[in-house]
Amino acid sequence: MQIVTLKWHGPYNFSLIENRDIAYEYGIYSIYQIFGGRENLLYIGKTTRDFMTRLNEHLYWMNKVRGTLKIRLGVILLEDGQRFSRKRLSDVESLLITWHSPPENTTNAIYYYGRENLTILNIGRRGHIAPRVSTDDLQ
């Protein structure tokens, strides 16, 4: 079983996120809508570039969302001897999308296409992201 730990930061207002050091890291991000007093998970994505660059590419649809947008940023915590892997990042994104089914994600919304035997431990300010997500628990 491969275990990946994601440390979540935020929530941040999109208009102020560029002032945070974390905005220039990479990993998994989630976009939330605050509307009518409720927070709703809209989108989960990944980036190997900095978060700011990737989030700016979503402006075409983010500008159409009613209410306030909040962003949470997840960084993979690597243990000693572990190296960053684009494939691992893709698997983490895929499993999170399959598990949570955010309405703005279309890829991986129904089926998980990543590696078997993956568990994600979500720590920190994760919002609506489950604390533990595993391929063993997919139905």
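**Exercise 1.** Is Lys-46 buried or exposed, or does Lys-46 fall between the two?

*Solution.* The classes come first: buried means under 20% relative accessible area, exposed means over 50%, and partly exposed lies in between (1.4 Å probe, protein chains only). Lys-46 has a relative accessible area of 30%, so Lys-46 is partly exposed.

Two remarks on the material apply throughout. This is a predicted model, in which local features need pLDDT of at least 70 and side-chain atom pairs count only at pLDDT 80 or more, while totals for chains, interfaces and linings use all residues. Residues are numbered from 1 along each chain as its sequence is written, and side-chain values use heavy atoms, with hydrogens and water left out.

**Exercise 2.** Determine which residue forms a salt bridge with Lys-46, and state what the pair ties together.

*Solution.* Step 1. A salt bridge is a side-chain nitrogen of Lys or Arg within 4 Å of a carboxyl oxygen of Asp or Glu. The partner of Lys-46 is Glu-93, with the closest N and O atoms 3.7 Å apart.

Step 2. Glu-93 belongs to helix α3 (residues 86-100) and Lys-46 to strand β3 (residues 38-47), so the salt bridge ties together parts that are 47 residues apart in sequence. Helices (H or I, at least four residues) and strands (E, at least two) are DSSP runs, numbered from the N terminus.

Step 3. Glu-93 is buried, at a relative accessible area of 12%.

**Exercise 3.** Describe the network of salt bridges that includes Glu-57.

*Solution.* Step 1. Glu-57 meets Arg-49 in a salt bridge of 2.8 Å, N to O. Glu-57 also forms a salt bridge with Arg-54, where the closest N and O atoms are 2.9 Å apart.

Step 2. Arg-49, Arg-54 and Glu-57 are therefore linked in a network.

Step 3. Glu-57 is partly exposed at 35% relative accessibility, and Arg-49 is partly exposed at 39%. Arg-54, at 18%, counts as buried. The structure as a whole holds six salt bridges.

**Exercise 4.** Check the span of α3 and establish how many of its residues are buried.

*Solution.* Step 1. The expected span is 1.5 Å times one less than the number of residues. For the 15 residues of α3 this gives 21 Å, and the end C-alpha atoms are 21 Å apart, which agrees.

Step 2. Of the 15 residues of α3, 11 are buried, and the helix is thus mostly covered. Among them are Leu-89, Val-92, Leu-96 and His-100.

Step 3. The buried residues of α3 pack against β1 (2-13), β2, β3, β4 (68-77), β5 and β6 (132-134).

**Exercise 5.** State in which sense β2 and β3 pair, and over how many bridges.

*Solution.* Step 1. Two strands pair if DSSP finds at least two bridges between them. Strand β2 (residues 27-35) and β3 pair in the antiparallel sense over nine bridges.

Step 2. One bridge joins Gly-27 to Thr-47 in β3. The hairpin has two residues between the strands, and Gly-36 there takes a positive phi near 60°.

**Exercise 6.** Locate Met-62 and list the residues with which Met-62 is in contact, leaving aside its neighbours within four places in sequence.

*Solution.* Step 1. Met-62 lies in helix α2 (residues 59-62) and is buried, at 4% relative accessibility.

Step 2. Contact means heavy atoms within 4.5 Å. With those neighbours left aside, Met-62 is in contact with Phe-14, Ile-31, Leu-55, Leu-69 and Ile-71.

Step 3. Met-62 and Ile-31 are 31 residues apart in sequence, and their C-alpha atoms are 9.0 Å apart in space.
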